[in-house]
Amino acid sequence: MKAIRDVFNSIANLPQPTIAAVNGYAFGGGFELMIACDFSIAAEGVKMGLTETSWAIIPGAGGTQRLPRLVGEMRAKELIFTARKFTAEEGVQLGVVLKVVQIENLLNSCEQLANEIMKNGPVAIKQAKYAITQGMNTDLQTGLAIESKAYELTIPTEDRMEALLAFSEKRNPVFLGK
């Protein structure tokens, strides 16, 4: 279980945003992998959940820690203690799925989100992800300090200067990740 948890932690800790394209079933470890990603887009008809307690075990690859951070402690307890399976549409309401699309549009929808993200400054995206992820595991004041440090790292970048120049020239910026 530690090896699987380490893989999911590696995915969660990637500096770039991650998108899970979910099709079919996402139970147990599949669900834990999904919630280790920054975003999940699911196909219609997908069923998901942390069903381990119905097998007399608990989610062991991060589910007991990541799910409460996404949906709140009480809702996570309900989902884990009952081993309830739910639909992708319910996943949107719970906050574990960004959106539900038709299966034939699943990969395209993921690519569209990735393209929207990639229009922005790569350094800024990495620093925003870092600030959000690290800040969520601290108190507000510490989170604000993390945000300030991440902000400071974006100021001297070439991308920031390019954004200012592009704005003044009324054109889209061309970011190089520097």
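**Why the labels fit: helix H7, the sheet and the core**

Reader: Lysine 129 sits in helix H7. Why is lysine 129 called buried?

Author: This is a predicted model, and the label comes from a computed value. Lysine 129 has a relative accessible area of 10%. Buried means under 20%, so lysine 129 earns the word.

Reader: What does lysine 129 touch, leaving out residues up to four places away in sequence?

Author: Its contacts are Ile11, Ala12, Leu14, Pro15, Gln16, Pro17, Thr18 and Asp38. Within H7, Gln127, Ala131 and Gly135 are buried as well as Lys129. The buried residues of this helix pack against H1 (2-12) and H8 (140-154).

Reader: How do you know what span to expect for H7?

Author: The expected span is 1.5 Å times one less than the number of residues. H7 covers residues 122-135, which is 14 residues, and the expectation comes out at 20 Å. The reach from first C-alpha to last is 20 Å, so close to what was expected.

Reader: What makes H7 and H8 parallel or antiparallel?

Author: Their axes cross at roughly 170° and come within 9 Å. Angles over 145 degrees count as roughly antiparallel, so H7 is roughly antiparallel to H8. On the H7 side of the meeting you find Val123, Ala124, Gln127, Tyr130, Ala131, Gln134 and Gly135; on the H8 side, Gly143, Ile146, Glu147, Ala150, Leu153 and Thr154.

Reader: Over to arginine 75. Why is arginine 75 labelled the way it is for exposure?

Author: Arginine 75 belongs to helix H4 (residues 73-82). Its relative accessibility is 40%. Buried needs a value under 20% and exposed one over 50%, so arginine 75 lands in between as partly exposed. As for its surroundings, leucine 94 is 19 residues away in sequence, with 8.5 Å between the two C-alphas.

Reader: What makes alanine 83 stand out in its backbone?

Author: Alanine 83 has a positive phi of about 55° although it is not a glycine. Most residues other than glycine have a negative phi. Alanine 83 is found in the loop between H4 and strand S5 (86-87).

Reader: And lysine 170: what is its phi?

Author: Near 55°, so positive again in a residue other than glycine. Lysine 170 falls in the segment after helix H9 (158-168).

Reader: Buried or exposed: why does each of these two get its label?

Author: Alanine 83 has 12% relative accessibility, and the buried cut-off is under 20%, so alanine 83 is buried. Lysine 170 has a relative accessible area of 76%, and exposed means over 50%, so lysine 170 is exposed.

Reader: On to the sheet. How do you know which strands are at its edges?

Author: The sheet is open and has 3 strands in the order S1-S3-S6, with parallel pairing. S1 and S6 (99-101) each pair on one side only, and they are the edge strands. On average, neighbouring strands here are turned by 25° against each other, direction ignored.

Reader: Why do S1 and S3, and S3 and S6, qualify as pairs?

Author: Two strands pair if there are at least two bridges between them. S1 and S3 have 4 bridges, so they qualify. S3 and S6 have 3 bridges, so they qualify too. Across from phenylalanine 39 in S3 stands isoleucine 19. Isoleucine 41 of S3 stands opposite alanine 21, and its bridge partner in S6 is lysine 99.

Reader: What makes S3 largely enclosed by the rest of the structure?

Author: The count does it: 4 of the 5 residues of S3 are buried, so the strand is largely enclosed. For the protein chain, 34% of the 178 residues count as buried.

Reader: Which residues have the most contacts inside the largest nonpolar core?

Author: Phe31, Met34, Met48, Leu67 and Val96, in a core of 28 residues. Several elements supply at least two residues each, among them S1 (19-22), H2 (29-36), S3 (39-43) and H3 (63-71). H6 gives the most, with 4 residues.

Reader: What is methionine 34 in contact with, apart from neighbours within four places in sequence?

Author: Methionine 34 contacts Ala20, Val22, Ser40, Met48, Val96 and Val97.

Key. Residues numbered from 1 in each chain as written. Predicted model: local features only at pLDDT ≥ 70, side-chain atom pairs only at ≥ 80, totals over all residues. Heavy atoms only, no water. Buried < 20%, exposed > 50% of the residue type's maximum accessible area, 1.4 Å probe, protein only. Contact = heavy atoms within 4.5 Å. Core = buried A, V, L, I, M, F, W, Y, C linked by side-chain atoms within 4.5 Å. Axes fitted to C-alpha atoms, helices over the stretch in contact; angles between N-to-C directions. Parallel < 35°, antiparallel > 145°, perpendicular 65-115°, else oblique.
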